[in-house]
Amino acid sequence: MNPLQQIEREVLQQSQEWARATLEEQLQKQADQVAMVSPKNGERLSNTRWRKMKLRTVSGMVHLRVKIGYSQQQRRWLNPIRLSWALAPYQQVSPELQARVCQTATLVPTYQGAVEVAQCWGCAVSDDLIHRHVQDVGRKAAGLVLPLEKPPAQEAEFSLVIMMDGWMARERGPHWGVSRRQQRTERVAWHEIKSAVIYRLEQAVKTAGGRGMLLEKYVVATAPQTDPVDFGAAVQAGASRRGLGRAKRVYVVMDGAVWLWLLAKERFSEATLILDFHHARDHLMAVGEALHGNDSAALHAWVDPLLEQLQKGKEARVISQLEDLQQTETLEAGETDVVDRETRYFEEHRDHIHYQRWKRIGAPRGSGAVESLGLQFQRRFRTCGQFWDRPGLTNLLRLSVIYKNQDQRFLWN
């Protein structure tokens, strides 16, 4: 080992022991001074006695002597110092260590990876411990009520952007554990996780290299098979926390999923609805492929001018060309079906494809931010060999959203 590295490690170990001993001393001092009354109603406790208590912390294990007493009104033994520290019954992990392992678990691909990261910052924990506390805190997060942000006294005008999409996660199916050789088994079940990104348009900037980035954004993600109505309520609540009611304009960007458009029209009726440009391109490509098959040159010769017209504010001309194509008598049956379907699609989205107008005012034309969010989640929830049960996935997902939104302070408040 490098001698400098060796010295640094030795000093870190010494400082960690100093931190553990100092923490133990301060906690014992608090335990000695705690009043032997019930925090619930002020009742003085009887039959007080000493008990040993140990607490695993970031710096190591601390050992304490604490007093317990009997509550006549509640008819049970109480530990006032444990209650004042907001520890659950029999909890032996400090809130700070709990917070660190929970956040680490949301960032690395596996619980074993979280163990290895914890060892890097000098804390020996097991994957069982991390998993248990992720589940405990995740269940607690289900009932967490997040406060609305207090607007500043003077606030500049802003526009709010909401992007919605979904991504797929693997869960253990009803026949998980059944031999692969058995027929008609559903060992794996794929389910969509509905997600959203919310940000202020003024927070969208570009780096010196021209890459777009968001200075601040907030996310929503709900458990698999969440009803669209409940997902819509969650997105609306998230947007309200970020100033939905004060926004000068609201833009909602989505792909073509029907349930998303129904949700947007119900929850954000005053918003400007935008069809993701890349999704519109895919629908034009579908027509081109039906007409020209594998002839790439002919395909792009047909599609590229239409895409250019979409970008230059000539969307009405694109729809008109598709309608004219419907009248072509030389189309075969399969081609006619595709042309009819996609023409109806663009007619339905006539008001959602004004890409030049939105470019001029700086509004988004694509849903890249929410697609990027899906990829980020998939790096944690869809790595090789991961097959989730519903509670395990849901609890970790809740924590991931809380940490991405920097709302973790409310978990340990």
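**Close-up 1. Helices α9 and α10 make a left-handed crossing.** What you see here, as in every view below, comes from a predicted model. Two packed helices are described by the angle between their axes and the distance between the axes. For this pair, the axes of α9 (residues 296-311) and α10 (residues 315-326) come within 7 Å and cross at roughly 145 degrees.

**Close-up 2. Here are the side-by-side residues of α9 and α10 that meet.** On the α9 side, look for W302, L306, Q309 and L310. Their counterparts in α10 are E315, R317, V318, Q321, L322 and L325. Sorted by type, the residues of this contact come out as 6 nonpolar, 2 polar and 2 charged.

**Close-up 3. Three strands, β1-β2-β3 in that order, build an open sheet.** The pairing is antiparallel. β1 (46-57) and β3 (76-78) stand at the edges with a single partner strand each, so one side of each has no neighbour in the sheet. On average, and ignoring direction, neighbouring strands here are turned by 35 degrees against each other.

**Close-up 4. β1 and β2 are joined by bridges, and helix α1 packs on their sheet.** How many bridges join β1 to β2? There are 10, and β2 covers residues 60-71. To pick out one pair, find R56: its bridge partner in β2 is M61. Helix α1 (residues 3-33) packs on this sheet and touches both β1 and β2. The direction of α1 makes about 10 degrees with that of β2.

**Close-up 5. Another open sheet has 5 strands and mixed pairing.** Reading across, the order is β8-β5-β4-β9-β10. Which strands stand at the edges? They are β8 (218-221) and β10 (272-275); each has a single partner strand, so one side of each is left without a neighbour in the sheet. Neighbouring strands in this sheet are turned by 25 degrees against each other on average, direction ignored.

**Close-up 6. Strands β4 and β9 pair in the parallel sense, and helix α7 packs on their sheet.** β4 takes in residues 159-172 and β9 residues 249-254, and their pairing runs over 5 bridges. A handy spot to start is M163, which stands opposite V253 in β9. Now for the helix: α7 (residues 258-267) touches β4, β5 (188-200), β9 and β10. The direction of α7 makes about 165 degrees with that of β10.

Note on methods: Residues are numbered from 1 along each chain as its sequence is written. This is a predicted model: local features need pLDDT of at least 70, side-chain atom pairs count only at pLDDT 80 or more; totals for chains, interfaces and linings use all residues. Side-chain values use heavy atoms; hydrogens and water are left out. Two strands pair if DSSP finds at least two bridges between them. Helices (H or I, at least four residues) and strands (E, at least two) are DSSP runs, numbered from the N terminus. Axes are lines fitted to C-alpha atoms, for helices over the stretch in contact, and angles run from 0 to 180 degrees between N-to-C directions. Contact means heavy atoms within 4.5 Å. A crossing is left-handed if the near helix is turned anticlockwise from the far one by less than a right angle, and right-handed if clockwise. Ala, Val, Leu, Ile, Met, Phe, Trp, Tyr, Cys and Pro count as nonpolar, Asp, Glu, Lys and Arg as charged, and the others, Gly among them, as polar.
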